Amino acid sequence: EDNEINHKLFLRQLANVGITSVDSAFNGVEAVELAEKNPYSLILTDVQMPRMSGIEATRLIRSIPAHRFTPIVALTADTSEENQTNCRQAGMTKFLAKPVPTHEWAALAVLAGQRMAKRATSSGQVSNLPA
């Protein structure tokens with residue numbers, strides 16, 4: 001999220017559902033660079049970002065082996081059918097319209113937890129997920 005007010009709000013909402021370890025990118029180029037270095041359990045992206053759109057960033061992130069199946073969620077104010085189609089075609093898992101309803105933040109925590117559990121199971125590690 002490149003809007004500072006929305007960014008702070010999103011961080012607060014994520015913390016409210018137990019997601020406190022968060023890296024932030026303020027444009028699509030930074031998002032791809034972070035994804036190349038980190039095995040995330042969930043990636044949230046604004047569709048319209050500076051330097052590189054969330055759609056183009058998603059295409060590049062999907063080419064990273066560690067993120068072929070990572071949930072990537074679009075956050076956008078543009079709810080047009082065309083935008084939703086473009087997001088799905090780029091490889092986004094879910095599409096959320098801003099403002100994001102409270103119950104959707106909890107659903108994102110569940111999605112992240114499922115991905116963490118899959119990653120831990122496939123690597124033989126034990127994972128301490130919040131209940």
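Visitor: Why is Arg59 called partly exposed?

Guide: In this predicted model, Arg59 has a relative accessible area of 40%; since buried requires a value under 20% and exposed a value over 50%, Arg59 falls in between and is therefore classed as partly exposed.

Visitor: What makes Glu56 and Arg59 a salt bridge?

Guide: The nitrogen-to-oxygen distance between the side chains of Glu56 and Arg59 is 3.5 Å, and because the cut-off asks for a separation within 4 Å, the pair qualifies as a salt bridge. Both residues belong to helix H3, which covers residues 54-62, and as they are three residues apart there, about one helical turn separates them. Glu56, at 32% relative accessibility, is likewise counted as partly exposed.

Visitor: How many salt bridges does this rule give?

Guide: The count comes to five, among them the bridge between Glu56 and Arg59 and the bridge between Arg88 and Glu81.

Visitor: How do you know that Glu81 counts as exposed, and why is Arg88 called partly exposed?

Guide: Glu81 has a relative accessibility of 53%, and since exposed means over 50%, Glu81 is placed in that class. Arg88, with a relative accessible area of 48%, does not pass that limit and is therefore partly exposed. The closest N and O atoms of these two residues are 3.3 Å apart, so the distance satisfies the condition of lying within 4 Å.

Visitor: What makes Glu104 and Lys94 a salt bridge?

Guide: Their closest N and O atoms lie 3.4 Å apart, which is within the 4 Å allowed, so the pair is accepted as a salt bridge. This bridge links distant parts of the chain, with Glu104 in helix H5 and Lys94 in strand E3 (residues 94-97), ten residues apart. Glu104 is called buried because its relative accessible area of 17% is under 20%, whereas Lys94, at 28%, is partly exposed.

Visitor: Why is the aromatic pair of Phe10 and Trp105 called tilted?

Guide: The structure holds one aromatic pair. The rings of Phe10 and Trp105 are 5.3 Å apart, centre to centre, with 50° between their planes; the distance is within 6.5 Å, and the angle is neither under 30 degrees nor over 60, so the pair is tilted. Phe10 lies in helix H1 (residues 4-16) and Trp105 in helix H5 (residues 102-123), so the pair ties together parts that are 95 residues apart in sequence.

Visitor: How do you know that Phe10 and Trp105 are buried?

Guide: Phe10 has 8% relative accessibility and Trp105 has a relative accessible area of 2%; because both values are under 20%, each residue counts as buried.

Methods. Residues numbered from 1 in each chain as written. Predicted model: local features only at pLDDT ≥ 70, side-chain atom pairs only at ≥ 80, totals over all residues. Heavy atoms only, no water. Phe/Tyr/Trp six-rings, centres within 6.5 Å; stacked < 30°, edge-to-face > 60°. Helix = DSSP H or I, 4+ residues; strand = E, 2+ residues; numbered from the N terminus. Buried < 20%, exposed > 50% of the residue type's maximum accessible area, 1.4 Å probe, protein only.
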